[in-house]
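Me: I would like to understand how the terms used for a protein structure are justified. Please explain each one against its definition.

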Amino acid sequence: MRRSLERIGPNTIDIWQWSIAPEAAQAEAHLPLLSAADRARASRFIHARDRHRFIVGRAGLRLVLSRYLHIPPARIGLAYNVFGKPRIAAAMIPELHFNLSHSADVAMLAVSDHYPVGLDIEEIKPLKEDVATHFFSPRECAELAALPEQDYLAAFYRCWTRKEAFVKAHGAGLSLPLDTFDVTISATEPPRLKRLDGDVDAPSNWSLLELMAPENFHGAVAALTIGNAVRLRYRREDVFRIKTSIAHPGRSDLQQHRNGGSRPIQA
């Protein structure tokens, strides 16, 4: 079996970030990095902006994965479970887990070589309707309703991104209703899964971590760590320079981040 070029380890989840809002010509220049299936999907977008965001998002994803797999971006095989969650094709390195999320012009990617992961990032916008009562659990709705008005929006996005990250990591897609599990919401309480219907061990098996997102965004990461302590490691390389250094990647410029009470990473 081909080994990955760069190991991450059991105590770390790598986080990558890039912009998906380049000029049109720059977006089209990334097409060779995509697979034939990706290019076919890109051609079906009606609006140019959506097409360009898709191209740059997928190109960045493939470049980052190529960093770990030592495989040219366009040749990385992706497969999908029955709920649509992508994974590395079994013929390559199935133990490399990843999850991509984008909102507005920002894309962020979580990568682990040990644990299934989910990541969600959302641009913070005023709510035009009562979203919480349609999707959150009764316990979460009650906790949100008890907050002062000025604290509601931030708490809503903490709840939303933690729940979305968990659903994405879980891999069951929309078949896992958002009201069948609870997450912590308070700004003073660490991110944590509190309940999952039918699985009493879930709170101890799953980790939730706060994502260090850009200003006016909120995000979270979920991982099935089975009780192991994990930290987020923010990779500061320019994603679109990876293609020039796949064979000989240099040392990363890593940023320490204290997350959920854990110690900062020592790079």
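Reply: The questions below concern aromatic pairs, burial and a charge over a ring. The model is predicted, so local features need pLDDT of at least 70, side-chain atom pairs count only at pLDDT 80 or more, and totals for chains, interfaces and linings use all residues. Residues are numbered from 1 along each chain as its sequence is written, and side-chain values use heavy atoms, without hydrogens and water.

Me: Why is the pair of F136 and W160 called tilted?

Reply: Rings of Phe, Tyr and Trp (its six-membered ring) pair if their centres lie within 6.5 Å; planes under 30 degrees apart are stacked, over 60 edge-to-face, and the rest tilted. The centres of F136 and W160 are 6.0 Å apart and the planes are at 45°, so this pair is tilted.

Me: What makes F166 and W206 an edge-to-face pair?

Reply: Their rings are 4.8 Å apart, centre to centre, with 75° between the planes. F166 belongs to helix α6 and W206 to strand β9, 40 residues apart.

Me: How do you know whether F166 is buried or exposed?

Reply: Buried means under 20% relative accessible area, exposed over 50%, and partly exposed in between (1.4 Å probe, protein chains only). F166 has a relative accessible area of 1%, so F166 is buried. W206, at 10%, therefore also counts as buried.

Me: What makes K163 a charge over the ring of F181?

Reply: The NZ of Lys or CZ of Arg must be within 6 Å of the ring centre and within 35 degrees of the ring normal. K163 lies over the face of F181, at 3.9 Å from the ring centre.

Definitions and conventions:
Helix = DSSP H or I, 4+ residues; strand = E, 2+ residues; numbered from the N terminus.
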